[in-house]
Amino acid sequence: MDVTLDCETIGLDHHSPEFKVLFNGWLDSEGLFQDLEYPTIGFFNWVIGHNIKFDAKCLYTQFPNLHLPRFYDTQIAVHLLREDLNSYKLEKLAEVLYEYPNYKKMIDFKKEEYWHDIEWLKIYNKHDLIFTKRLKDLTEPRLKQTGKWPLFQMMMEYVKILTKVESKGIKFDEEELNRQGTFWRDRQDRITNLLGSFASIDWNATKQVREYFRSTGCVLPKTDKGNESINEHALRSLDIEESRLLLELRECNKQLGTYVEGVQNVLHEGHYF
């Protein structure tokens, strides 16, 4: 047995305090259910969804210890079969591939009504569920006929694991992040001071760095557009103290901006990323 899932929410970031699940839409052989009750789905073979990772994370947000059966993502299934399409949105696939009417237009669904009229939203959700199930019935035999079924099954296992990881997050050692931040900032300050002994310029400003090397008689290689390049390859080719220090400064900036401060800025409560 299969069950099809589509959750309606306010917001897209499951970790945001403003995120809210309005209701979970379910479709199985017994009918349509749209509620926030704890789902009993252990006896189903597949839980079907279009971008199933999003809907599964909605469930984990509500029921952290919920065990879900195998995933069937119709968006990935169609992508494997039709890589030529420009859009993989559900209502677009319904219209383009199977001449199923665009149900957003059918019910005159306006964006501003989305959060304010649950009954309208349930009609839209019902159409999503019906067509998602239809996509599963259409794509599964084609995946098997084309020999892509093993690849699809492997991808579904990956998606299921990734969903759990994204739901719970990855715990970071914030003390270690702070230690790394101190290390790279000290190194950044030391290198900036050394570069300052050569010239009082902003060594992170491309135009000023170009002018400095030009003034010292250095020949910089040209880009395809004819501009003087100061990328890593160009700086290594100069092989002088200033270029070596500038490469070190850029490494400090990268470590701090991406791997220290970049991570600290997106950590959630409990030091989870």
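This report describes the sheet of a predicted model, the helices that lie across that sheet, and the packing of helix H2 with helix H5.

## The sheet and its edges

In this predicted model, five strands form an open sheet in the order S3-S2-S1-S4-S5, and their pairing is mixed. The edges are taken by strand S3 (31-35) and strand S5 (70-73), each of which has a single partner strand, so that one side of each is left without a neighbour in the sheet. On average, and with direction ignored, neighbouring strands of this sheet are turned by 25° against each other.

## Pairing of the strands

Strands of a sheet pair through backbone hydrogen bonds, in either a parallel or an antiparallel sense. Strand S1 (residues 2-10) runs parallel to strand S4 (residues 46-49), to which three bridges join it, and in this pairing Thr 4 has Ile 48 of S4 as its bridge partner. With S2, by contrast, S1 runs antiparallel, and seven bridges join the two strands; here the bridge partner of Leu 5 is Trp 26 in S2.

S2 also pairs with S3, again in the antiparallel sense, over five bridges, and Asn 24 is matched with Asp 35 in S3 as its bridge partner. These two strands, S2 and S3, form a hairpin in which two residues lie between them. S2 is mostly covered, with eight of its nine residues buried.

## Helices across the sheet

Helix H1 (residues 52-62) lies across S1, strand S2 (20-28), S4 and S5, and its direction makes an angle of about 75° with S1. Helix H6 (residues 149-168) lies across S4 and S5, running at about 110° to S5. S4 and S5 are thus among the strands crossed by H1, and they are crossed by H6 as well.

## Packing of H2 with H5

Two packed helices are described by the angle between their axes together with the distance between the axes. Helix H2 (residues 74-81) packs with helix H5 (residues 118-145) at an angle of about 40°, and the axes are 9 Å apart; the two helices are therefore oblique to each other. Their crossing is left-handed.

On the H2 side, the contact is made by Thr 74, Ala 77, Val 78, Leu 80 and Leu 81, while H5 contributes Thr 132, Leu 135, Lys 136, Thr 139, Arg 142 and Leu 143. Sorted by class, the contact of H2 with H5 comprises six nonpolar, three polar and two charged residues.

Key
Residues numbered from 1 in each chain as written. Predicted model: local features only at pLDDT ≥ 70, side-chain atom pairs only at ≥ 80, totals over all residues. Heavy atoms only, no water. Axes fitted to C-alpha atoms, helices over the stretch in contact; angles between N-to-C directions. Helix = DSSP H or I, 4+ residues; strand = E, 2+ residues; numbered from the N terminus. Parallel < 35°, antiparallel > 145°, perpendicular 65-115°, else oblique. Left-handed = near helix turned anticlockwise from the far one by under 90°. Contact = heavy atoms within 4.5 Å. Nonpolar A, V, L, I, M, F, W, Y, C, P; charged D, E, K, R; others polar. Pairing = 2+ DSSP bridges. Buried < 20%, exposed > 50% of the residue type's maximum accessible area, 1.4 Å probe, protein only.
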